[in-house]
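Open your viewer and load the model. This tour goes from the whole chain down to a few aromatic rings.

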Amino acid sequence: MSAAEVRQTVATAPWVRGLIFTVLIPGTIAIYIPFSLADSLTPPGGFWNAGWLVSGIGAAGYFLCFMHFLASGGTPALTFTRPVRFLIGEEPHRLIQAGLYRLTRNPMYMSVLLVIFGQAIRYASWRIAAYGLLVWLGFHIVVVLLEEPHLRQEQGAAYDEYCRRVPRWIVRLRTPGSGLRAVAVGMTAILFGCHDARRADTSWRDLSPHKTQFVEAQQHVRLEVLDWGGTGRPMVLLSGSGLSAHIYDEFAPKLAAFGHVYGISRRGYGQSSKPDGGYENRRLAQDIFEVVNALKLDHPPVLKTTHGAPGTICGGQEN
Amino acid sequence: LWRPGKLIPKNESERAALEAFVDATQKYEDRWTANLRESVPDARIVDLPGAGHFLFISRKSEVLSEIARFLEVLD
């Protein structure tokens with residue numbers, strides 16, 4: 001497709017412009033930034049997986065709003081993205097009041113927030129939750145200062161009547177203010193729950209996706225071998241002095257894209273045996289060779305860290 | 001490792017000790033690098049300044065791409 005054809009497609013297909021907007025704006029705000037904030041976190045699992053559901057509801061809500069916008073002859077847009085409407089489109093000219101817009105005046109913003117808060121729950125991250133609140137504040141400012149005056153000017157009395165009927169943010173429950181109270185309670189629970197979950201999560205848990213096996217490297221000495229899977233060339237990760245193979249818990253699953261990854265905990269560490277002797281370099285190297293031979297690994301590349309295996313090198317020169 | 005600005009020495013004596021440590025470490029690194037180059041002339045040595053001790057954690061993506069590059073050489 002030539003550049004001219006691409007330009008033509010963008011100009012004539014609203015869904016393409018809507019998709020570009022979705023990737024650039026909600027994609028950055030609701031996915032890229034929370035994902036970056038969660039970079040070093042491991043999802044705690046269990047109850048916190050409910051975050052998937054919350055984000056899923058948010059994504060579905062966004063999709064429904066997106067379809068309403070397309071059906072009304074526009075695309076999702078922000079007031080200040082109007083100068084680039086040739087690329088990402090602009091809002092429809094008639095007021096949308098159907099679907100989720102019967103419940104709240106800003107269901108698309110709410111959907112984006114749900115995607116963010118879902119990730120806060122999934123990662124039990126108060127940082128993502130706080131970021132979500134900040135984004136909400138930003139949305140509020142944009143809506144109150146820019147969008148509502150603009151819509152009032154465009155739609156006149158019809159918009160005023162719509163505002164009287166439908167709340168700005170929170171779905172109206174049976175009694176006035178109850179929806180807002182429910183959200184306030186929910187947000188507080190998320191923030192404190194995330195904070196407590198992270199504070200309580202001081203003990204190490206084995207969450208890396210691997211199988212564990214034990215290989216006898218010497219009589220009465222069994223070494224812990226972690227197997228992160230993968231296909232093709234076998235690779236062996238050696239842990240250093242004072243460490244077990246779990247030091248590679250985050251790295252190994254990514255390395256498994258290039259081959260079958262094993263990690264060996266040297267004697268004395270992790271779940272490997274802790275005999276009184278056999279800690280000299282030559283014996284440590286022999287341990288590695290015993291494991292490699294027992295697993296029938298054919299000349300695997302070895303990655304070591306820190307005082308990982310001077311013995312391997314020493315022993316390798318002899319073997 | 002200590003780098004200027006990373007750890008502020010409390011006095012001149014501490015500064016001298018830190019600098020001596022850095023100098024000695026640098027000499028060790030230089031010797032190690034020279035040894036590797038001598039024994040494996042076509043070895044590719046990648047320097048990741050500031051990566052710290054556990055570079056496969058601090059610089060995951062760079063380490064992965066270098067391993068991938070190394071594995072291609074083996075194929």
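Start with chain A as a whole. Of its 319 residues, 44% count as buried. Keep in mind that this is a predicted model.

Switch to cartoon. Chain A shows 12 helices and 5 strands.

Now turn on the surface. The accessible surface of chain A is about 17,000 Å². Carbon and sulfur atoms account for 62% of that area.

Next, the contacts. Take those in chain A between residues at least 6 apart in sequence: 72% of them join residues at least 24 apart.

Hide the surface and select the aromatic side chains. How many aromatic pairs does the structure hold over all chains? The count is 9.

Zoom in on one of them: Trp136(A) and Trp169(A). The ring centres are 6.2 Å apart, and the planes meet at 80°. Planes over 60 degrees apart count as edge-to-face, so this pair is edge-to-face.

Colour by element of secondary structure. Trp136(A) sits in helix H7 (residues 126–155) of chain A. Trp169(A) sits in the loop between helix H8 (157–165) and helix H9 (178–200) of chain A. The pair therefore ties together parts that are 33 residues apart in sequence.

Are these two residues buried or exposed? Trp136(A) is buried, and Trp169(A) is buried too.

Widen the selection by adding Tyr109(A) and Phe139(A). Ring pairs link these two with Trp136(A) and Trp169(A) into a cluster.

Last stop: select Arg122(A) and Tyr123(A). Arg122(A) lies over the face of the Tyr123(A) ring, 4.7 Å from the ring centre.

Notes: Residues numbered from 1 in each chain as written. Chains lettered and ligands numbered in written order. Predicted model: local features only at pLDDT ≥ 70, side-chain atom pairs only at ≥ 80, totals over all residues. Heavy atoms only, no water. Phe/Tyr/Trp six-rings, centres within 6.5 Å; stacked < 30°, edge-to-face > 60°. Helix = DSSP H or I, 4+ residues; strand = E, 2+ residues; numbered from the N terminus. Buried < 20%, exposed > 50% of the residue type's maximum accessible area, 1.4 Å probe, protein only. Lys NZ or Arg CZ within 6 Å of the ring centre and 35° of its normal. Contact = heavy atoms within 4.5 Å. Areas by Shrake-Rupley, 256 points an atom, 1.4 Å probe, with all protein chains shown as cover.
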